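Here are some worked exercises on reading domains, interfaces and helix packing from coordinates. Have your viewer open and try each task before reading its solution.

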Amino acid sequence: MRRILRLSIGTLLASTASCTDKPGAGGRVLHVWQHQTGPEEAAANQQMIARFAAGRHNFVVNAQTIPQGSYPQSIMAAAMAGRLPCVLTVDSPMVPAFVWAGHIRPLDTLIDRQAFASIAPPALGQYQGHIYSVGQFDAALAIFTRRSTLAQIHARIPTLAQPWTRAEFDDVLRKLKATGRWQVPLDLGTREPNPNWWTYAYSPMLQSFGGDLIDRKTNRTADGVINGAPARAWAAWFHALFANEWARRLEPDDQSLMRGRVALAYTGNWRAPDLEKAFGNDLLILPPPDFGHGVAIGGGSWQWAVSSTCTQPAQAAAFIRHLISTPEIAAMATAAGMIPATEAAAQRTQRFRKGGDWRVFYDMSRAFARPRPATPAFTAISNAWYHAARDIMDGTDPRDALDDAADAIDQSIADNNGYAPAAEKTK
Amino acid sequence: MRRPINSRTAAVRVGLYAIALLFVIVFVSPFVFMVMASFKPNQQIFGDLGSFRAFLPVGAVSLQNYRDVIATSGIGSYALNSAFITVSTVGAGLFVNSLAAFALARLEWRGKGLVLGLIVIMLIIPLEAIAVPMMLLVASLPTLGFDGGLTIQWSWLDTRLVQIVPFVANAFSIFFFYQAFNDIPRDFDEAAYVDGATPYQVFRHVIVPLSGTTFATVAIIQGLAAWNQYLWPVIVVPSAEARPLMVGLQQFFRFQTEWGEVMAYATLATLPVFLAFVFFQRWFVQSVMGSGVKG
Amino acid sequence: MTPRWARKGRLAFLFGTPAMLGLITFLVIPFAMAIALTLTNQKLLSPQHVQAVGLANYERLLGLKVMRQDGIASSDGHVTFPRIRDVTRSSPTLRPYRPLGAMTWESTRFVLLARDPVFMRSLLNTALFAVMVVPLQCGLALGLALLVNAGLCGQRAFRTIYFSPVVMSMVVVAVIWAFLFNRDLGLVNQALGWLSGGQGTRIDWLGNPATAMPAIVIMSAWQGAGLQMLIFLAGLQAIPTELYDAARIDGATPLQRFVHVTLPGLSNTIAFVVVITTIAAFGLFTQVDVMTQGGPANATSTVMFYAIERGVRDQDIAYGSTVTVVYFVLIATLAILQQRFFARRAGAR
């Protein structure tokens, strides 16, 4: 009897354990984790990794793709189990949190800083004076529309030098709504339930209004910043978009512009290929409006980092050097339509070189990109902002919602002893 | 089935049929809509919604959504995970719980009453109440792995194991088996023991063969719970490798905008349960009615 | 007297061990952990040390205060009050509190403040859900059971169809209904449009704080009623036919028979069904997680959803455990109270 039991439990253990061949132990395998992306980017990554592996016979690269929706939780679970891969992708604002938790190590101790000199700042994950991550590209959000749509209401086509003002933008929306052709004229992307998207997409608008998420000088308090007067002005404007039915809180899919349900869509450069296919020359890619303190868009996209538990730092470093070489950056930009992280790589592409039709993204990224707060509290900030913005959209009093966000952020900072590094954890 | 009311005019009967049919529509139409939408492209689903076409297989009907879902969503491996989890949980659960119930119902030992009382108390602790600390617990349990050699990993997170082992032992199943075993006359055991049988043989050759319906009932209740499991894997299985079907559907639903594909996924996820329901309907019904009255 | 052959203490121990080991490891220990963790500041993953914090988690979760505000009368007799958050945020003792509700009485306003208004809101939402779904689902189930039991041809088919949503996964059901409830495309609004002859405005069911919870109630009752229907059917069939015959001889109308024979005969079943439906209702999570993520404006945040949000997604294990412990105390109390209530009613009869 006892033997039967032990046997059955044994087989159960073995049969489940055998499929958890996770990275962690040493050996000649370089484990690489990346978040799930669009098919073009995924294919480009695969080729990049294949080119890296081709020249190396002493070890193999094992690359795994993790769904983006649960990527942070997967990293957390792996870290708790002590089986983080050697190399992993990380969303750039998460870098300080990963450093604080001890997941990743400084790249500049593995690779000479000189190697990063030509990389644009938004593509570098820096914290406490070290470089922890590097990306091949940046992304940029823009207003997408059609030339014919703007012509219909005789609206001025804005430029990088002279973007729409808030008054102009509101006027465009009002006129578009008045044509009756669109039930709502604007898709802001609010169907996306991911807090980090809300921070990426809408906190730059807050900055353009003159506000911010947190006091950037100290990164210790959000009170008076996220709920300051500029933030209240942003909130009133944001709420009005939905109250006036200028934007829908939940589009049934992400094809609103493509299918003609809206006239303007606020979305990223990764949508450009599809929209260009659909609209050709009629497609317009415009900078977001200037709400008073300059145009702002989110800077920093997904980047690569090396885990602190990595047992093959030399190979990991070689991998990082490989992926930031000019041909690799150019290849990614060409294949996936992402904004190259260096000018040299941009010049090697059709679309991002000077005069190329997607150069506008490159220029916008260089001119308007603003980093998100570099603090381990970012997740708390992002969640608080997400809830506040959603509540404002859904009709909560904007001042209350923003005060709640300020309190939640300050509470989280206090709960975690100011996110003091592990070394000075005792008080 | 007896009729509580005998004298009834035809009009009342017609009215009752009308109400019964109305409820059939209410209960069936969402599923019909799901299946029909799963064969249509997004544009047409939106277009058909204004009319009864939403419930009919008309227009550009194809298997394209299914092809796309199978190719892109990972549904195949999620379904395998769910099947493995369900079969393992039910298999191990039937054995472990019935054996414990046998000890409680058919063997005499000191402390039996106490253990039985404890099990009844455990019946009322829902998974929800302990899910958060249980996550911390399973995050520090060891598993064996094979990475070059035998390795021990100190975490059950992101495994299929973590979706099986905690649900094998089940207070409700034990209690249900216990009640059923108690109803079997003792003479059977006695006769077998007189013939020199061991208690395990009595269990295996006397009790189990007499309890087919009970086993089917417990298998259905535990199996359904395992297949439809959601809260627990949401907490402990973040990455795709060990992900079960329902978490896959939720992810797909949140990050996918092709409604036809979402409906195709939902249809595929429902199909096994639906088939099981059609074939084993009698037991499904019996399981609820039995557990309801006795529990 | 127990026969000798049945005294098998050691064997019983052996047979019972696997199950007991499982129950202890995955039920008793986590339950004990839940209680212990609430007294700490345990995070899921933090480089900092865990500290004992006493009852601070409970204080933060359950802290309530009433604040009295005196209105400022303007020249035209209009009474205004200072903004609540301006008062709380500038007072050191009220700083951790946020407004939950307010009641104005002449020129005085009483404000209920909570340390964690989202939790209080979630608690209220959960209770609201239970108050709506329990009568609806149990009533629907009883109606369906009577219908199926009325001796129609094809009653088995009806029974099967009404029961079918129960075996479907709640995730699948929630996904379908999320579409049915869509404002512009959903069939629910279409059906309402047909019924009202194109009149009335379209309802953004899941997007409007006032309708989101009722929408989840409707969907949940639809999915679950088949289960209670079967339990009622079993109860109905247990009522002796003689009672109906006797009532008929006495000349009772169908309604009288229902009130004086069926309902009393079902009293135990009704008690059982109400208790299990209530307990299930307090565990509301899946529908919310799939359809609304607690929104809009926290209108569908429930106790369980909040526990998972804080405990797992915000990685605050200690606080999430505190929510679940409070939840457990709540449903245990409810179950006991309901049982007492039904027991007393049965005794009075």
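The exercises below all use this predicted model.

**Exercise 1. Find the two domains of chain A and work out what domain 1 puts against domain 2.**

Solution.
- Start with the bounds: the domain assignment splits chain A into domain 1, covering 29-139 + 300-370, and domain 2, covering 141-296 + 374-419.
- Next, take the C-alpha centres of the two domains of chain A; they sit 27 Å apart.
- Now go through the contacts: 19 residues of domain 1 of chain A touch 20 residues of domain 2 of chain A.
- On the domain 1 side, the elements that give two or more residues are helix 4 (95-101) and helix 13 (359-368) of chain A. Helix 13 of chain A supplies the largest share, six residues.
- Finally, sort that side by class: 14 residues are nonpolar, two are polar and three are charged.

**Exercise 2. How many residues of chain B are in contact with chain C, and which helix of chain B gives the largest share?**

Solution.
- Count both sides: 76 residues of chain B meet 77 residues of chain C.
- Then split the chain B side by element, and helix 1 (residues 10-37) of chain B comes out with the largest share, eleven residues.
- By class, the chain B side that touches chain C holds 62 nonpolar, seven polar and seven charged residues.

**Exercise 3. Describe how helix 1 of chain B packs on helix 5 of chain C.**

Solution.
- Fit the axes: those of helix 1 of chain B and helix 5 (residues 155-167) of chain C come within 9 Å and cross at roughly 30°.
- Angles under 35 degrees count as roughly parallel, so helix 1 of chain B and helix 5 of chain C are roughly parallel to each other.
- Check the hand as well: this crossing of helix 1 of chain B and helix 5 of chain C is left-handed.
- List who meets whom: B:Ala20, B:Phe23, B:Val24, B:Phe27 and B:Val28 from helix 1 of chain B face C:Phe158, C:Ile161, C:Tyr162, C:Ser164 and C:Pro165 from helix 5 of chain C.
- The spacing has a simple background: an α-helix has 3.6 residues a turn, so residues three or four places apart point the same way.
- Classify the contact of helix 1 of chain B with helix 5 of chain C: nine nonpolar residues, one polar and no charged.

**Exercise 4. Is helix 6 of chain C mostly covered or mostly exposed?**

Solution.
- A residue is buried if 20 or more other C-beta atoms lie within 10 Å of its own.
- Apply that to helix 6 (residues 170-180) of chain C: eleven of its eleven residues are buried, and the helix is mostly covered.
- Among the buried residues of helix 6 of chain C are C:Met170, C:Trp177, C:Phe179 and C:Leu180.

Methods
Residues are numbered from 1 along each chain as its sequence is written. Chains are lettered from A and ligands numbered from 1 in the order in which they are written. This is a predicted model: local features need pLDDT of at least 70, side-chain atom pairs count only at pLDDT 80 or more; totals for chains, interfaces and linings use all residues. Domain bounds come from an automatic or database domain assignment. Two residues are in contact if their C-beta atoms, placed from the backbone, lie within 7 Å. Helices (H or I, at least four residues) and strands (E, at least two) are DSSP runs, numbered from the N terminus. Ala, Val, Leu, Ile, Met, Phe, Trp, Tyr, Cys and Pro count as nonpolar, Asp, Glu, Lys and Arg as charged, and the others, Gly among them, as polar. A residue is buried if 20 or more other C-beta atoms lie within 10 Å of its own, exposed if 12 or fewer, and partly exposed in between; C-beta atoms are placed from the backbone. Axes are lines fitted to C-alpha atoms, for helices over the stretch in contact, and angles run from 0 to 180 degrees between N-to-C directions. Angles under 35 degrees count as roughly parallel, over 145 as roughly antiparallel, 65 to 115 as roughly perpendicular and the rest as oblique. A crossing is left-handed if the near helix is turned anticlockwise from the far one by less than a right angle, and right-handed if clockwise.
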